[in-house]
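Here is a short briefing for a first look. Keep the sequence and the structure side by side as you read.

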Amino acid sequence: MLRVATDVGGTFTDLVYFEIDEKSGKALSIKTAKSDTTPSSYEKGVFDAIEKGNVDIAKSTFFAHGTTVVINSITERKGVLTGLVTTKGFRDSLEIARGDRPDFFNLRYQKPKPFVPRYLRAEVPGRIDFLGKELTPLDLSGLDKIIEKFKKHDVQSIAVCLIHGYANSLHEQKVIDYIKSKWAEIDIVASHQITREWREYERTNTTALCAYVKPIARSYLDKLNDKLIAANFSGNPYVMQSNGGIDTFESTKAIPLTMIESGPTSGVLGAAELGKLIKENNLITLDVGGTTAKCSLIENGNVKINTNYWIEKNRQSAGYPVMLPVVDIVEIGNGGGSIAWVDNYDKLHVGPQSAGADPGPVSYGKGGTSITTTDANLITNRINQNYFCGGEIKADMDAVSKTIAPLSKKLKFTNEETARGIIRIANNNMINALKLVSVNKGYDPRDFSLVAFGGGGGMHATSLAKELNIPKVIIPVNSSVFSAWGMLMSDLRRDYILTKLTTMNDQAIDILNKTFSEMEKQAEESYKKENISKELISFKRFGSFRYLGQDHSVEIPITNSKFDEDSIKKIIDDFHTQYEKEFTYKLENQVDMIQFHLVAFAKIEKPELQERKITNIKVEDTIKETREVDFDEMGVHKSNIYNFDLLEPGMEFTGPAIVEDPSTTVVIFPRQKCKVDKFANLHISIGGENSE
């Protein structure tokens, strides 16, 4: 019996599968594979990895999938022509957006271009207020002309977002039903199907984005499902969601925007599961792939979820809001394939451009013309030139030397100095990302351990931890495919969020009890349609709170299932504590609850991990070779090169050292101590006042 997960990244497609003992439920073996991502047909890369791993998918009882198809369609502007139907008078809310201007002193600043052009934004009369009461009846008499216009312009998908649709979905549902009766084959999505939160611009943009990618995501998932069926897979395939859970293909096709950060979130969930196994509850995660580096924070075993999520937001652009629960991740354009370049002022930069998998870094020998972080790590001997990509590729060091020479000449450096500079800049970019999820949100990195994974995580983690005084780095076994492993450890998850303004006093008791009860019934009905029994369902409750008069809110967990005077007081105290943590002060003002947030989990059977067997091999026998390795400011040191696959529980050694497996390199600096735990994960003590 097999359980299989695949993760499509910007450069590689990863595969992890467990062979499960049917009687005990324990994982007998864990195997992995990697193949090049195939952007023209992502499902091909998935099956390339399946074939490379010699997986008989017909024997699998479980298949989970993470993909970049949605975020790529948005960032590359490859979605479909989309129409928008909104309330009369609100046609331009998508373009008006918000008044914030990140590039404040740029007098020629242009707001981000809406995903639905103005000529495809239509209005219908009718009005509902913020309490859900109908003020003006809905008038559908103009919809025929709107449909005719959309057909004339070859619109392939329609977004419906009416004012206050979060409070009462009646008008939106009537619009959907009418359009479907006249144009059955069109893809259509309404705001109430995606989110029940207020904020008109954010809700409208989220709906527009969902419609923009819906036909593409549906086609992609259908093609992948067809290939699975053709390979005799008989189970129900799942997709990794941005909220940190998995969901069915059918459910995801209805609202595909839920997988906008499908791939990165699974690594964070995997880290949380790993933390439970090794008794580490406070973790910062670092996922370094070929194209990007992603960071997140786990406190007391809880993954941080953000519903105020923005894409393409930077110092020059306000970006676009996505009003969906997304694991709180900071992502930057720095990975193994990030390109090093020198600007007109002879200043060295790394990223955000990437060489990808084809042609890839210069060292791949596939015709790459730009030096990358991977090439720099080869020059410093951190990556083994004779065991590049597990020996599958012969590192083209001649091409690396020729290509880095012009950069070195501009900078007036040697090639080795340029390589060190590239690694330092890449590290500095990652440090800034780590600070965004920790220091900038009131967390001290010294109170956390750093879990690093992805193909490049182990190469950079110890440097970053040293800089931030993080006491320990944890490198999971099979870390290069750790995100795919995380999918196999995830439960079904659905988030229900409802905006409902509630003053936190005695009258709130009945409102909280009634509202959460109704939301739980809604979740149970949703899972019941998929034949998931009530016994498998569990809930977590959250609430968003603010002081009276404030615009934005702070979300806190709510531990109660039933509410009384004492629980209301505890919720208020918890809000004060969290508010002070984030903003350094608290007020005595009235506290209002803005949103109810229910997370409904449906338990999925997970494999029980086996501890690595002890054969009493000596740690000296796991050394493959010794070589000179450049540790930057700490100099060049003769270092032991350890075979990751041979390391056993209880082994210890001290850097300078390198640990290698076919797809991962772990750099351990001089005086840093490494211990191997019972699952063969590496625990590296960084040194200094906070080390163990």
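Leaving aside neighbours within four places in sequence, which residues is Leu257 in contact with? They are Val70, Ile74, Thr206, Leu209, Cys210, Val213, Ser242, Val322 and Leu324. The model is predicted. The points below take the cores, then the cavities and a pocket, then single residues.

**Nonpolar cores**

- The largest nonpolar core has 72 residues.
- Ile74, Ile158 and Leu257 have the most contacts inside this core.
- Helix α7, residues 200–230, gives the most to the core, with 12 residues.
- Another core lies apart from it and has 69 residues. Among them are Ile284, Ala395, Ala465 and Ile641.

**Cysteines**

- The count of disulfides is 0.
- Cys161 is in no disulfide. Its nearest cysteine sulfur belongs to Cys210 and is 12 Å away. A disulfide needs two cysteine sulfur atoms within 2.5 Å, so this pair does not qualify.
- Cys161 has a relative accessible area of 0%, so the residue counts as buried.
- Cys295 is also buried, at a relative accessible area of 1%.

**Cavities**

- The whole structure holds 4 cavities of 30 Å³ or more.
- The largest cavity contains about 70 Å³ of space.
- Its lining is made of Ala97, Arg98, Asp100, Tyr109, Lys111, Pro112, Tyr201, Trp310, Ala318 and Gly319.
- By class, that lining has 6 nonpolar, 1 polar and 3 charged residues.
- The second largest cavity contains about 60 Å³ of space.
- Residues lining the second largest cavity include Thr87, Val124, Pro125, Gly126, Arg127 and Ile128. Leu138, Leu162, Ile163, Gly165, Asn168 and His171 line it as well.
- The lining of the second largest cavity divides into 6 nonpolar, 5 polar and 1 charged residues.

**The second largest pocket**

- This pocket holds about 1000 Å³ of space.
- It is lined by 33 residues. The closest to its centre are Gln193, Ile255, Asp495, Tyr496 and Gln522.
- Four elements each supply at least two lining residues: α6 (191–194), α8 (249–254), β25 (492–503) and α15 (508–528).
- Strand β25 gives the largest share of the lining, with 7 residues.
- The lining has 10 nonpolar, 12 polar and 11 charged residues.

**Tyr443, a buried loop residue**

- Tyr443 sits in the loop between α12 (415–437) and β23 (449–453).
- Is Tyr443 buried or exposed? Tyr443 is buried because its relative accessibility is 9%, and the limit for buried is under 20%.
- Leaving aside neighbours within four places in sequence, Tyr443 is in contact with Leu297, Glu299, Lys304, Val437, Ser438, Phe448, Gln578 and Lys581.
- Tyr443 and Val70 are 373 residues apart along the chain. Their C-alpha atoms are separated by 32 Å.

**Helix α1**

- Helix α1 spans residues 42–52. Its buried residues include Tyr42, Glu43, Gly45, Val46, Phe47, Ala49 and Ile50.
- An α-helix has 3.6 residues a turn, so residues three or four places apart point the same way.
- Asn54, just after α1, takes a positive phi of about 55°.

**Cis peptide bonds**

- The peptide bond from Gly351 to Pro352 is cis, and its omega is near 0°. Pro352 belongs to strand β22, residues 348–354.
- The peptide bond from Gly655 to Pro656 is cis too, with omega near 15°. Pro656 lies in the loop between β31 (652–654) and β32 (657–661).

**Positive phi in loops**

- Glu312 is not a glycine, yet has a positive phi of about 60°.
- The loop between β17 (309–311) and β18 (320–322) holds Glu312. Glu312 is partly exposed, with a relative accessible area of 30%.
- Thr584 is not a glycine either, and its phi is positive at about 75°.
- The loop between α16 (565–583) and β28 (591–602) holds Thr584. Thr584 has a relative accessible area of 68%, so the residue counts as exposed.

Notes: Residues numbered from 1 in each chain as written. Predicted model: local features only at pLDDT ≥ 70, side-chain atom pairs only at ≥ 80, totals over all residues. Heavy atoms only, no water. Buried < 20%, exposed > 50% of the residue type's maximum accessible area, 1.4 Å probe, protein only. 1 Å grid on protein atoms, 1.4 Å probe; cavity = no way out; pocket = protein on both sides within 12 Å on 5 of 7 lines; lining within 4 Å. Points joined across faces, edges and corners; volume = space filled by probe spheres on them. Nonpolar A, V, L, I, M, F, W, Y, C, P; charged D, E, K, R; others polar. Core = buried A, V, L, I, M, F, W, Y, C linked by side-chain atoms within 4.5 Å. Contact = heavy atoms within 4.5 Å.
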